[in-house]
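Reader: Hey, got a minute to walk me through this one? I'd like to start with the charged pairs and then move on to how things pack.

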Amino acid sequence: MARFEKIKTAYQDRKLSPELKLWKAVLAVAANDAMQSKITRVDIYNDIDRARNWFKEPTQNFFQVCLYAGYEPMYICGKMKKAIEKQEEKEKNERKKYLS
């Protein structure tokens with residue numbers, strides 16, 4: 001989760017309200033879930049898929065959470081899509097190693 005807490009926002013110089021902290025945490029938890037390895041965390045395989053799809057195919061809910069957290073939704077979406085693609089490629093290579 002620490003990787004995603006360093007994203008800069010327009011609110012960084014202000015004292016954060018509890019509501020803003022809440023929405024940032026919601027987004028951080030979703031990002032953390034999306035970046036879990038399906039290879040090592042088979043117990044939460046479906047949760048990982050749901051989290052990844054939330055970023056890859058954003059809905060109105062995604063846009064609202066980003067805006068409530070003080071982030072630009074399309075920026076977050078683009079960054080997370082790249083990170084998810086990288087993670088999925090890593091998993092694909094791990095599977096190949098395991099099966100060969």
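**Charged pairs and helix packing**

Author: Arg52 counts as buried, at 1% relative accessibility. This is a predicted model, by the way.

Reader: OK, and which residue does Arg52 form a salt bridge with?

Author: Glu91 is the partner, with the closest N and O atoms 2.7 Å apart. That pair links distant parts of the chain, since Glu91 sits in helix 4 (residues 73–99) and Arg52 in helix 2, 39 residues apart.

Reader: Is Glu91 buried or exposed?

Author: Glu91 is buried, because its relative accessible area is 2% and the cut-off for buried is under 20%.

Reader: Which residues are joined with Arg52 in one network?

Author: Lys56, Glu88 and Glu91 are joined with Arg52, through salt bridges that share partners.

Reader: How many salt bridges are there in the whole structure?

Author: The search finds six. One of them is Arg50 with Asp47, where the closest N and O atoms are 2.4 Å apart.

Reader: Where do Arg50 and Asp47 sit relative to each other?

Author: Both are in helix 2 (residues 45–56), three residues apart, so about one helical turn separates them. Arg50 counts as exposed at 55% relative accessibility, and Asp47 as partly exposed at 35%.

Reader: Got another one? What does Arg41 form a salt bridge with?

Author: Arg41 pairs with Asp43, and their closest N and O atoms are 3.1 Å apart. Arg41 is partly exposed, with a relative accessible area of 30%, while Asp43 is exposed at 57%.

Reader: Why would side chains like that pair up at all?

Author: Side chains of opposite charge can pair when their charged atoms come close.

Reader: Switching topic. What's the overall layout, how many helices and strands?

Author: Four helices and zero strands. Going from the N terminus, the elements run α-α-α-α.

Reader: And how much of the chain counts as buried?

Author: Of the 100 residues, 31% count as buried. On contacts, if you take those with a separation of 6 or more, residues 24 or more positions apart account for 64% of them.

Reader: Let's do packing, then. At what angle do helix 1 and helix 2 cross?

Author: Roughly 115°, and the axes of helix 1 (residues 18–34) and helix 2 come within 8 Å. The crossing is left-handed.

Reader: Which residues make that contact?

Author: From helix 1 you have Leu27, Ala30, Ala31, Asp33 and Ala34, and from helix 2 there are Ile48, Ala51, Arg52, Trp54 and Phe55. By class, that contact has eight nonpolar residues, two charged and no polar ones.

Reader: Arg52 again! What about helix 2 and helix 4, what angle do they pack at?

Author: About 140°, with the axes 8 Å apart. That makes helix 2 oblique to helix 4, because roughly antiparallel would need an angle over 145 degrees. Helix 2 passes helix 4 in a left-handed crossing.

Reader: And which residues meet there?

Author: Arg52, Phe55 and Lys56 in helix 2 meet a set in helix 4: Ile76, Cys77, Met80, Lys81, Ile84, Gln87, Glu88 and Glu91.

Reader: How do those residues divide by class?

Author: Five are nonpolar, one is polar and five are charged. Among the residues meeting there are Arg52 and Glu91, the salt-bridged pair you asked about at the start.

Definitions and conventions
Residues numbered from 1 in each chain as written. Predicted model: local features only at pLDDT ≥ 70, side-chain atom pairs only at ≥ 80, totals over all residues. Heavy atoms only, no water. Salt bridge = Lys/Arg side-chain N within 4 Å of Asp/Glu carboxyl O. Buried < 20%, exposed > 50% of the residue type's maximum accessible area, 1.4 Å probe, protein only. Helix = DSSP H or I, 4+ residues; strand = E, 2+ residues; numbered from the N terminus. Axes fitted to C-alpha atoms, helices over the stretch in contact; angles between N-to-C directions. Left-handed = near helix turned anticlockwise from the far one by under 90°. Contact = heavy atoms within 4.5 Å. Nonpolar A, V, L, I, M, F, W, Y, C, P; charged D, E, K, R; others polar. Parallel < 35°, antiparallel > 145°, perpendicular 65-115°, else oblique.
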